[in-house]
Amino acid sequence: MSHDLSPPPSDERPWYRQFWPWFLILLPATSVVGGIALVIIAVKNADDVVADSWYKDGRAINRSMDEENLAARLGITLAASAQGDALQARLSSDTPFPPPATLTLALRHPTLAAQDRVFPLAHQPDGTYRGDGDLPDGRWVVTVSPGDGNWQLYSMGVIIRNGRFTLSAGG
(Lines give C-alpha, C1' and ligand atoms only; values in the text may rest on other atoms or scores of the structure.)
Protein backbone atom coordinates (compact mmCIF):
# COMPACT_ATOMS: atom_id res chain seq x y z
CA MET A 1 0.00 0.00 0.00
CA SER A 2 1.66 3.10 -1.12
CA HIS A 3 0.52 6.52 -0.13
CA ASP A 4 1.22 9.35 -2.44
CA LEU A 5 2.31 12.23 -0.24
CA SER A 6 3.03 14.63 -3.05
CA PRO A 7 1.07 17.88 -3.07
CA PRO A 8 -1.84 18.12 -5.46
CA PRO A 9 -1.03 19.64 -8.81
CA SER A 10 -1.21 23.44 -8.65
CA ASP A 11 -1.98 25.98 -11.26
CA GLU A 12 1.38 27.56 -11.96
CA ARG A 13 -0.07 30.59 -13.76
CA PRO A 14 0.65 34.02 -12.19
CA TRP A 15 -2.20 35.73 -10.35
CA TYR A 16 -2.96 38.21 -13.13
CA ARG A 17 -3.74 35.36 -15.49
CA GLN A 18 -6.33 33.90 -13.18
CA PHE A 19 -10.08 34.58 -13.36
CA TRP A 20 -10.99 35.20 -9.69
CA PRO A 21 -8.65 38.11 -8.87
CA TRP A 22 -9.95 40.05 -11.89
CA PHE A 23 -13.54 39.21 -11.02
CA LEU A 24 -13.03 40.49 -7.48
CA ILE A 25 -11.34 43.68 -8.74
CA LEU A 26 -14.04 44.30 -11.36
CA LEU A 27 -16.95 44.49 -8.87
CA PRO A 28 -15.77 47.55 -6.89
CA ALA A 29 -14.24 49.13 -10.02
CA THR A 30 -17.64 49.21 -11.78
CA SER A 31 -19.19 50.82 -8.69
CA VAL A 32 -16.52 53.54 -8.67
CA VAL A 33 -16.96 54.27 -12.39
CA GLY A 34 -20.76 54.32 -12.05
CA GLY A 35 -20.54 56.65 -9.04
CA ILE A 36 -18.27 59.08 -10.90
CA ALA A 37 -20.64 59.05 -13.89
CA LEU A 38 -23.64 59.84 -11.63
CA VAL A 39 -21.78 62.73 -9.97
CA ILE A 40 -20.91 64.19 -13.38
CA ILE A 41 -24.53 63.89 -14.57
CA ALA A 42 -25.85 65.46 -11.35
CA VAL A 43 -23.47 68.42 -11.55
CA LYS A 44 -24.15 69.13 -15.23
CA ASN A 45 -27.96 68.85 -14.90
CA ALA A 46 -28.57 70.51 -11.54
CA ASP A 47 -32.08 71.91 -11.06
CA ASP A 48 -32.54 75.62 -10.38
CA VAL A 49 -35.75 75.04 -8.47
CA VAL A 50 -34.82 76.80 -5.22
CA ALA A 51 -33.87 80.48 -5.44
CA ASP A 52 -30.80 81.62 -3.56
CA SER A 53 -32.92 84.18 -1.76
CA TRP A 54 -35.58 81.68 -0.67
CA TYR A 55 -35.92 83.10 2.84
CA LYS A 56 -36.37 86.68 1.63
CA ASP A 57 -38.75 85.49 -1.08
CA GLY A 58 -40.77 83.56 1.50
CA ARG A 59 -41.08 86.62 3.72
CA ALA A 60 -42.16 88.70 0.72
CA ILE A 61 -45.01 86.35 -0.21
CA ASN A 62 -47.49 88.40 1.82
CA ARG A 63 -46.49 91.53 -0.09
CA SER A 64 -46.95 89.81 -3.47
CA MET A 65 -50.32 88.46 -2.37
CA ASP A 66 -51.35 92.02 -1.47
CA GLU A 67 -50.22 93.15 -4.93
CA GLU A 68 -52.22 90.36 -6.60
CA ASN A 69 -55.28 91.13 -4.46
CA LEU A 70 -55.11 94.80 -5.49
CA ALA A 71 -54.99 93.76 -9.16
CA ALA A 72 -58.05 91.57 -8.56
CA ARG A 73 -59.96 94.42 -6.87
CA LEU A 74 -59.15 96.70 -9.82
CA GLY A 75 -60.13 93.96 -12.31
CA ILE A 76 -56.90 94.32 -14.27
CA THR A 77 -56.42 92.21 -17.41
CA LEU A 78 -53.49 92.15 -19.82
CA ALA A 79 -53.60 90.71 -23.35
CA ALA A 80 -50.15 90.29 -24.96
CA SER A 81 -48.89 89.12 -28.31
CA ALA A 82 -45.62 88.95 -30.19
CA GLN A 83 -45.02 89.62 -33.85
CA GLY A 84 -41.43 89.03 -34.83
CA ASP A 85 -39.21 90.74 -32.26
CA ALA A 86 -41.91 93.17 -31.09
CA LEU A 87 -44.12 92.63 -28.05
CA GLN A 88 -47.44 94.38 -27.78
CA ALA A 89 -49.77 94.38 -24.78
CA ARG A 90 -53.06 95.99 -23.91
CA LEU A 91 -53.98 96.67 -20.29
CA SER A 92 -57.62 96.94 -19.28
CA SER A 93 -59.38 97.36 -15.96
CA ASP A 94 -62.88 97.33 -14.45
CA THR A 95 -61.91 100.36 -12.35
CA PRO A 96 -60.45 103.37 -14.12
CA PHE A 97 -56.94 104.29 -13.02
CA PRO A 98 -54.09 106.16 -14.68
CA PRO A 99 -52.06 103.83 -16.90
CA PRO A 100 -48.52 103.26 -15.64
CA ALA A 101 -45.69 104.59 -17.83
CA THR A 102 -43.98 101.19 -17.90
CA LEU A 103 -44.81 97.54 -17.30
CA THR A 104 -42.45 94.68 -16.58
CA LEU A 105 -43.40 91.34 -18.14
CA ALA A 106 -41.41 88.49 -16.58
CA LEU A 107 -41.40 84.92 -17.87
CA ARG A 108 -39.94 82.48 -15.34
CA HIS A 109 -39.20 78.92 -16.36
CA PRO A 110 -40.48 76.45 -13.73
CA THR A 111 -37.12 74.67 -13.36
CA LEU A 112 -34.41 76.35 -15.45
CA ALA A 113 -33.49 79.81 -14.20
CA ALA A 114 -31.15 80.31 -17.16
CA GLN A 115 -34.20 80.51 -19.45
CA ASP A 116 -35.96 83.26 -17.45
CA ARG A 117 -36.74 86.41 -19.42
CA VAL A 118 -37.79 89.93 -18.44
CA PHE A 119 -39.33 92.35 -20.93
CA PRO A 120 -39.78 96.07 -20.18
CA LEU A 121 -42.86 97.49 -21.91
CA ALA A 122 -43.37 101.23 -22.50
CA HIS A 123 -46.77 102.96 -22.67
CA GLN A 124 -47.65 104.24 -26.14
CA PRO A 125 -49.98 107.13 -27.13
CA ASP A 126 -52.53 104.66 -28.55
CA GLY A 127 -52.92 103.06 -25.09
CA THR A 128 -50.91 99.92 -25.78
CA TYR A 129 -47.58 98.86 -24.32
CA ARG A 130 -44.69 97.89 -26.56
CA GLY A 131 -41.30 96.32 -26.05
CA ASP A 132 -38.64 94.30 -27.81
CA GLY A 133 -38.39 90.52 -27.68
CA ASP A 134 -40.25 87.43 -28.73
CA LEU A 135 -42.37 85.21 -26.54
CA PRO A 136 -40.84 81.74 -26.34
CA ASP A 137 -43.03 78.65 -26.51
CA GLY A 138 -43.40 76.51 -23.41
CA ARG A 139 -44.68 76.48 -19.85
CA TRP A 140 -43.94 79.69 -17.94
CA VAL A 141 -44.74 81.46 -14.70
CA VAL A 142 -45.82 84.88 -15.99
CA THR A 143 -45.88 88.04 -13.90
CA VAL A 144 -46.73 91.58 -14.97
CA SER A 145 -46.20 94.58 -12.72
CA PRO A 146 -46.12 98.35 -13.23
CA GLY A 147 -43.00 100.46 -12.73
CA ASP A 148 -44.18 101.56 -9.28
CA GLY A 149 -44.93 97.92 -8.33
CA ASN A 150 -48.18 98.52 -6.43
CA TRP A 151 -50.10 95.69 -8.18
CA GLN A 152 -49.13 92.46 -9.94
CA LEU A 153 -50.68 89.94 -12.30
CA TYR A 154 -49.50 86.37 -11.81
CA SER A 155 -50.28 83.23 -13.77
CA MET A 156 -48.79 79.91 -14.76
CA GLY A 157 -49.49 78.97 -18.33
CA VAL A 158 -48.33 77.73 -21.67
CA ILE A 159 -47.35 80.04 -24.50
CA ILE A 160 -47.90 78.39 -27.87
CA ARG A 161 -46.61 79.13 -31.35
CA ASN A 162 -48.67 82.23 -32.05
CA GLY A 163 -47.12 84.01 -29.04
CA ARG A 164 -50.39 85.22 -27.51
CA PHE A 165 -51.72 85.03 -24.00
CA THR A 166 -54.11 86.84 -21.67
CA LEU A 167 -53.57 87.42 -17.96
CA SER A 168 -56.26 88.42 -15.55
CA ALA A 169 -56.09 89.11 -11.84
CA GLY A 170 -56.51 85.97 -9.78
CA GLY A 171 -55.91 83.76 -12.81
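Phe23 counts as partly exposed, at 34% relative accessibility. Its ring partner is Trp20, which counts as exposed at 56%. Both residues belong to helix α1, which covers residues 19–44. The model is predicted. Its protein chain has three helices and eight strands.

**Overall make-up**

- Along the sequence, the pattern of the protein chain reads α-α-α-β-β-β-β-β-β-β-β.
- The protein chain has 171 residues, and 25% of them count as buried.
- About 12,100 Å² of the protein chain is exposed. Carbon and sulfur atoms supply 59% of that area.
- Take the contacts between residues at least 6 apart in sequence: 53% of them join residues at least 24 apart.

**Aromatic pairs**

- The count of aromatic pairs comes to six.
- Trp20 and Phe23 form one of them, and the pair is edge-to-face. The ring centres lie 5.5 Å from each other, with 85° between the planes.
- Three residues separate Trp20 and Phe23 in the sequence, about one turn of helix α1.
- Trp20 counts as exposed because its relative accessibility, 56%, is over 50%. Phe23, at 34%, falls between the 20% and 50% limits, so Phe23 counts as partly exposed.
- Phe97 and Trp151 also form an edge-to-face pair. Here the centre-to-centre distance is 6.4 Å and the angle between the planes is 75°.
- The pair of Phe97 and Trp151 links distant parts of the chain, 54 residues apart. Phe97 sits in the loop between β2 (86–92) and β3. Trp151 sits in the loop between β6 (138–146) and β7 (153–159).
- Trp151 counts as buried because its relative accessibility is 3%, under the 20% limit. Phe97 has 25% and counts as partly exposed.
- Trp15, Tyr16 and Trp22 are linked into a cluster by ring pairs.

**Strands β3, β4 and β5**

- Strand β3 spans residues 102–108, and strand β4 spans residues 117–123. The two run antiparallel, joined by six bridges.
- Within this pairing, Thr102 stands opposite Ala122 in β4.
- Strand β4 also pairs with strand β5, which spans residues 128–132. These strands run antiparallel too, with two bridges between them.
- His123 faces this second partner: His123 stands opposite Tyr129 in β5.
- In a regular strand, side chains alternate between the two faces of the sheet.

**The hairpin of β4 and β5**

- Four residues lie between the strands of this hairpin.
- Gly127 takes a positive phi there, near 95°.

**The salt bridge**

- How many salt bridges does the structure hold? The structure holds one.
- The side chains of Asp126 and Arg130 form this salt bridge, at 3.3 Å from N to O.
- Arg130 falls within the range of strand β5, residues 128–132.
- Are the two side chains' residues buried or exposed? Neither label applies: Asp126 is partly exposed, with a relative accessible area of 45%. Arg130 is partly exposed as well, with 35%.
- Both values lie between the 20% and 50% limits, so both residues count as partly exposed.

Note on methods. Residues are numbered from 1 along each chain as its sequence is written. This is a predicted model: local features need pLDDT of at least 70, side-chain atom pairs count only at pLDDT 80 or more; totals for chains, interfaces and linings use all residues. Side-chain values use heavy atoms; hydrogens and water are left out. Two strands pair if DSSP finds at least two bridges between them. A salt bridge is a side-chain nitrogen of Lys or Arg within 4 Å of a carboxyl oxygen of Asp or Glu. Buried means under 20% relative accessible area, exposed over 50%, partly exposed in between (1.4 Å probe, protein chains only). Contact means heavy atoms within 4.5 Å. Accessible areas come from the Shrake-Rupley method with a 1.4 Å probe; for residues, only the protein chains shown count as cover. Rings of Phe, Tyr and Trp (its six-membered ring) pair if their centres lie within 6.5 Å; planes under 30 degrees apart count as stacked, over 60 as edge-to-face and the rest as tilted.
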